[in-house]
Amino acid sequence: MTTIVDDNFSQLNDFLHGKTFSKIFILVDENTHEYCLPILLGNLETDLSFEILEIEAGEEMKNIQTANQLWEILTEMQADRKALIINLGGGVITDMGGFVASTYKRGIQFINIPTTLLSMCDASIGGKTGIDLMHYKNMVGTFTLPEKIFVYPKFLETLPFKELRSGFAEMLKHGLIADKSHWENLTAIQKLDIEGIIPHIKTSMNIKQNVVEKDFHEKNIRKTLNFGHTIGHAIESLCLEQGNPILHGEAVAMGMISETHLAVLEGLISQEDAQTIIENIQRYYPYLDISDFNDEDIFGLLFNDKKNTDSKINFSLLSGIGECTFDYQCSRKNILESLNFYRKLNDFNLN
């Protein structure tokens, strides 16, 4: 897998010219169809025929029903094993498109062209594909690398601010688990905008890529990329179940705050470092109200986390700024305290 950051589409066109695909299918959602597809098609240089596959936007579409519809369309259009799927979109599109490609006829080639900050820095990298099962996040999927990832930062100009902020959470996570200087550079950004973020995208991408290359199938160090996601995914799933989905980065920000406090309770990180982390995350993210979710509902989802073994919840927790441990098991008491810590932040929230 090669990740390419480019200001034009020359390397994508070089890639297409060097291959013998039978047909190209471009997967989009309604948003990328309107805002990103015209840019891609205006720069695409190929004599191959292509078809546009469109799904509705939103995490709630990342399910087996949508995957089945796409498999059926590929079959009706007689897609063979030499076909190529281009996933043009955010995390839902790259997760879904990769899953459909990796399973159709036991696997056809695909490339990712991420259009959101979240997918550029996180979702499109690493070969994780998948769909949600009921309201459980990414419960069904494969480890399958795309042929290439082509990143064009100009696509960020099509994003609303909340989507930009969502992706920024994963960048902050990369700094917290692996690179203190990256964290410090990101938290030095006073105004969260495209100009401030773009210079740091490549660093975030490289951090994730380096971790993935060491542990593709997530047996050890790759688990550190799940910092903030154990609790964050549980809250994201509960919101999805209620029919009130939230952005992934919002859930991760909440999860990072709770899990940072959990690391303090477990004696892994100093109170001073934790306060620095939490206050900086709060600068960028509004308080997420979780008062409607009781502890048992949250624990039910925590016990279904993919990192768990032997019915024990495995956390990835910070041991310092830029350092992270994994497969860490915490007491129920401390997990509850970390959730209550976050709930109480609303009393002091300034956002």
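## Overall build

This predicted model has 14 helices and 10 strands. Its radius of gyration is 20 Å, close to the 20 Å that the globule rule gives for 351 residues, so the protein is as compact as a globular protein of that length. Laid out along the principal axes, the C-alpha trace spans about 60 × 40 × 35 Å.

Look inside and 56% of the 351 residues count as buried. Sequence-distant pairs show up a lot too: take the contacts between residues at least 6 apart in sequence, and 78% of them join residues at least 24 apart.

## Surface and charge

The accessible surface comes to about 15000 Å², and carbon and sulfur atoms own 47% of that. As for charge, the protein carries 30 positive and 49 negative charges, and the mean positions of the two sets sit 6 Å apart.

## Lys137, a buried charge in β7

Lys137 is part of strand β7, which covers residues 136-143. Its relative accessible area is 8%, and because the cut-off for buried is under 20%, Lys137 counts as buried. So what does its side chain pair up with? One partner is Glu59, whose side chain is joined to that of Lys137 by a polar contact of 3.1 Å. Another is Glu236, again side chain to side chain, at 3.2 Å.

Those two glutamates also turn up in the wider contact list. Setting aside neighbours within four places in sequence, Lys137 is in contact with Glu59, Lys62, Asp132, His233, Glu236, Ser237, His248 and Lys306.

## Thr187, at the end of α8

Helix α8 runs over residues 180-187, and Thr187 belongs to it. Thr187 is buried, since its relative accessibility is 12%. Its side chain has a polar atom 2.9 Å from the backbone oxygen of Trp183. The backbone oxygen of Glu184 is also within reach of a side-chain polar atom of Thr187, this time at 3.3 Å.

Beyond that local stretch, Thr187 touches Leu172, Asn280, Arg283 and Tyr284, if you leave out residues up to four places away in sequence.

## Ile177, in α7

Ile177 is found in helix α7, residues 161-178. With 7% relative accessibility, Ile177 is another residue that counts as buried. Which residues does Ile177 contact, leaving aside neighbours within four places in sequence? The list is Thr224, Leu225, Phe227, Leu318, Gly322, Glu323 and Cys324.

For a sense of distance, try Leu117: Ile177 and Leu117 are 60 residues apart along the chain, and their C-alpha atoms are separated by 19 Å.

## Two loop residues with positive phi

Gln78 is not a glycine, yet its phi is positive, at about 60 degrees. You'll find Gln78 in the loop between α4 (64-76) and β4 (84-89). Is Gln78 buried or exposed? Exposed, with a relative accessible area of 69%.

Met134 is a similar story: here phi is about 55 degrees, positive once more, and this residue isn't a glycine either. Met134 sits in the loop between β6 (128-133) and β7, the strand that holds Lys137. Met134 has 65% relative accessibility and so counts as exposed, whereas Lys137 is buried.

Methods
Residues are numbered from 1 along each chain as its sequence is written. This is a predicted model: local features need pLDDT of at least 70, side-chain atom pairs count only at pLDDT 80 or more; totals for chains, interfaces and linings use all residues. Side-chain values use heavy atoms; hydrogens and water are left out. Helices (H or I, at least four residues) and strands (E, at least two) are DSSP runs, numbered from the N terminus. The radius of gyration is taken over C-alpha atoms; the globule rule is 2.2 Å times the number of residues to the power 0.38. Buried means under 20% relative accessible area, exposed over 50%, partly exposed in between (1.4 Å probe, protein chains only). Contact means heavy atoms within 4.5 Å. Accessible areas come from the Shrake-Rupley method with a 1.4 Å probe; for residues, only the protein chains shown count as cover. Lys and Arg count as positive and Asp and Glu as negative; His and the chain ends are not counted. The place of a charge is taken as NZ of Lys, CZ of Arg, CG of Asp or CD of Glu. A polar contact is a pair of N or O atoms within 3.5 Å; within protein, one must be able to donate a hydrogen and the other to accept it, and residues adjacent in sequence count only if both atoms are side-chain atoms.
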